[in-house]
Protein chains: 2
Amino acid sequence: MANLTIRQLRYFEALATHGHFGRAAEACAVTQPALSVQIKELEQDLGTKLFERGARQVRLTGFGEEFSLRVRDILHRVDELGDMARASHDKMVGRLRLGVIPTIAPYLLPRIIANLSQSHQELDVHVRETLTPRLVQELTEGRLDAAIVALPISDPAFTEVALFTENMVLVRSDADAGTPVPDKEALREMRLLLLEEGHCFRDQALSFCNIPSSLPQEGLDGSSLSTLVQMVGAGIGVTLIPEMAVPVETRSASVCVGHFRNPQPTRTVGMIWRRTSPLADHLQQVADIVQQSANDLRAEENI
Amino acid sequence: MANLTIRQLRYFEALATHGHFGRAAEACAVTQPALSVQIKELEQDLGTKLFERGARQVRLTGFGEEFSLRVRDILHRVDELGDMARASHDKMVGRLRLGVIPTIAPYLLPRIIANLSQSHQELDVHVRETLTPRLVQELTEGRLDAAIVALPISDPAFTEVALFTENMVLVRSDADAGTPVPDKEALREMRLLLLEEGHCFRDQALSFCNIPSSLPQEGLDGSSLSTLVQMVGAGIGVTLIPEMAVPVETRSASVCVGHFRNPQPTRTVGMIWRRTSPLADHLQQVADIVQQSANDLRAEENI
DNA sequence: ATTTGCCATAAGAAAAAATTATCGAGCAGA
DNA sequence: TCTGCTCGATAATTTTTTCTTATGGCAAAT
């Protein structure tokens, strides 16, 4: 009934083209009875004769003729399945859904995209920029393939790969240039501008200053590092930003950048993906490229 | 490698839609390990993971997603094969390639076509009108499904079914009306108009007169019965035609028809097809309809 | 009439796929 | 943190399918 097999269809096609059981069988690398039986069962399943067995030759019936057109089409499509799989073996193909947190995306993404599309021509990269908790959720739900976040995440469901560790730097008004960089105790006395709640970078900044993140601030949170820097430039206060953001964010603002020393605050950026993801191998490649992208960026800055 | 089975594709589709091995297996009416193994082998054959087995759910990978689109399409087409076969089970469907000799076609074909297309709605009938030897050849080569000819053909490769026997009648000029119908000896002295060589009806006429068919005639052969009758109407001679042709051919010509007696010349018309034809059952039905058509025609003439 | 080519069939062997039973990993509720 | 539970993977065995080899029979060709 619905028990057609691809094998039967292959035998059928061979017999249709060769018009000869023996040769068709040979073409299929089986013996003639094997092919005979399968053709017979195919005809039985269909309830219709496909071939007319004359003494001299084997010919398709009218129905068989129509049948063969469809069978050829089907076999072709089946073969394509294999091709498709083979094509996507090593090179990562298709879509890569990548999440990135907002304090990384603007600075690193352009480089990542450039490098990725160079090394993985066929890959179309979807980027989602949002806060860590949402990235984690979407990753869990399978709506993302990987995410670039600040470590640690410590979710046992994820593989976590550290990519790089970068310093957090102080952004002050131009007016403060030359004055010594405050230590973290002094920092606590200053007006520290922070990202809105939910940004991990906010928590990292607070943590560096030993300020509990639950403590309410003065209500001057910015929605982006860019906003914070602008506010600093306006003389409203100081802020911390990741080193990576320096070239972009301090270019057009009248601010100066100061490095802390001993201990310097840092954040570690990494990539995470579901441990069960079958893309694991590929994702490690992607992680390497992201790491390379960060290195590129850093090298560029230090020119 | 190229060992994909339809079964695997069916299991795959079930798992893709259910997202759950147990339920997919149930839907396929097999146990869960059976499905598990087949999916595993499918993935192995392809060399790619199709599903991501999370603890909580089973999800298609990006590749699996693309794969499933194609698989659904393929399975649909495979199912159509079955439908197609089922649809053509009893009712004869598709094309019927029917050969007919020229001394039958003009008289019987309209009726046959009418009756056939009434009883076999879905059948599109291709008609080929030519001389017996060519019909036999095309039948042998599988380029025709059946032929309506004068019997006997006596080819062991063919099934031969007699349909009806009809008289051959004399066509004379109107002027001869009322004079007795000549017997075959007298006929030999008259100017007998015949079809061109190759027509079996020519040979049958000659045979009735005991004239060897090898004997050259006076070069007045007609290419059709219609021509012969017109010639008779012009007073050139007499001719024989099958009774079936009388209403059509003698309607507009100034000729009269005479029946021989004792023995009347006759020809037997029948249908032939390759004994190996899988349409045998259907062709017997067609033969019945052809026979009925001849009866219809005869009844109509005798009104 | 005999031989030959070719497909069908039968019987036994090999391969594939199913079943039952069991394991172990990840969640969830206690 | 443990414990029970769900669910998929795996193992061992049986059943089913599909081969191969051997052989038969029919029709065409010599």
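Which atom of DNA strand D lies 3.0 Å from a polar side-chain atom of Gln32(B)? In this predicted model, the partner of Gln32(B) is a base nitrogen of DNA strand D.

## Relation between the protein chains

Chain A can be superposed on chain B with an RMSD of 0.3 Å, by a turn of 179° combined with a shift of 0.1 Å along the axis. This is the relation of a two-fold axis, and the same surface serves both copies, since 100% of the contact residues of chain A recur in chain B.

## The contact between chain A and chain B

Each chain's part in the contact can be stated as a count, with 42 residues coming from chain A and 42 residues from chain B. The area buried between chain A and chain B is about 3,200 Å², and carbon and sulfur atoms give 62% of it. On the side of chain A, the residues that lose the most area to chain B are Glu52(A), Leu81(A) and Met84(A), which together account for 18% of what that side buries.

Polar interactions also occur across this contact: the count between chain A and chain B is 7 salt bridges, and there are 10 residue pairs in polar contact, both residues being at pLDDT 80 or more. A salt bridge joins the side chains of Asp73(A) and Arg77(B), at 3.0 Å from N to O. The elements of chain A that give two or more residues to the side touching chain B are helix H1 (6–18), strand E1 (51–53) and helix H4 (62–87), and the largest share, 16 residues, comes from H4(A). By class, that side of chain A has 15 nonpolar, 13 polar and 14 charged residues.

## The surface near DNA strand D

Of the 20 residues around DNA strand D, those that come nearest are Arg7(A), Tyr11(A), Thr31(A), Ser36(B) and Arg53(B). Among the atoms of this strand within 4 Å of the protein, 77% belong to sugar or phosphate, and the rest belong to bases. Two side chains of chain A can be placed against the phosphates: an N or O atom of Tyr11(A) is 2.6 Å from a phosphate oxygen of DNA strand D, while a polar side-chain atom of Thr31(A) lies 2.4 Å from a phosphate oxygen of that strand. The elements that give two or more residues to this surface are H1 and helix H3 (32–46) of chain A, together with helix H2 (21–27) and helix H3 (32–46) of chain B. By class, the surface near DNA strand D has 8 nonpolar, 7 polar and 5 charged residues.

## The surface near DNA strand C

DNA strand C is surrounded by 20 residues, of which Ser36(A), Arg53(A), Arg7(B), Tyr11(B) and Thr31(B) are the closest. Of its atoms within 4 Å of the protein, 76% belong to sugar or phosphate, with the rest in bases. A polar side-chain atom of Gln32(A) lies 3.1 Å from a base nitrogen of DNA strand C. At the phosphates of this strand, an N or O atom in the side chain of Ser36(A) is 2.8 Å from a phosphate oxygen, and a polar side-chain atom of Arg7(B) lies 2.8 Å from a phosphate oxygen.

Helix H2 (21–27) and H3 of chain A, together with helix H1 (6–18) and H3 of chain B, each supply at least two residues of the surface near DNA strand C, which by class has 8 nonpolar, 7 polar and 5 charged residues.

## Gln38(B) within helix H3

Gln38(B) has its place in helix H3 of chain B and, leaving aside its neighbours within four places in sequence, is in contact with Gln8(B) and Tyr11(B).

Conventions. Residues numbered from 1 in each chain as written. Chains lettered and ligands numbered in written order. Predicted model: local features only at pLDDT ≥ 70, side-chain atom pairs only at ≥ 80, totals over all residues. Heavy atoms only, no water. Contact = heavy atoms within 4.5 Å. Buried area = accessible area lost by both parts, 1.4 Å probe. Salt bridge = Lys/Arg side-chain N within 4 Å of Asp/Glu carboxyl O. Polar contact = N/O pair within 3.5 Å; in protein donor to acceptor, adjacent residues only side chain to side chain. Helix = DSSP H or I, 4+ residues; strand = E, 2+ residues; numbered from the N terminus. Nonpolar A, V, L, I, M, F, W, Y, C, P; charged D, E, K, R; others polar. Near = heavy atom within 4 Å. Least-squares fit on C-alpha atoms with pLDDT ≥ 70 in both.
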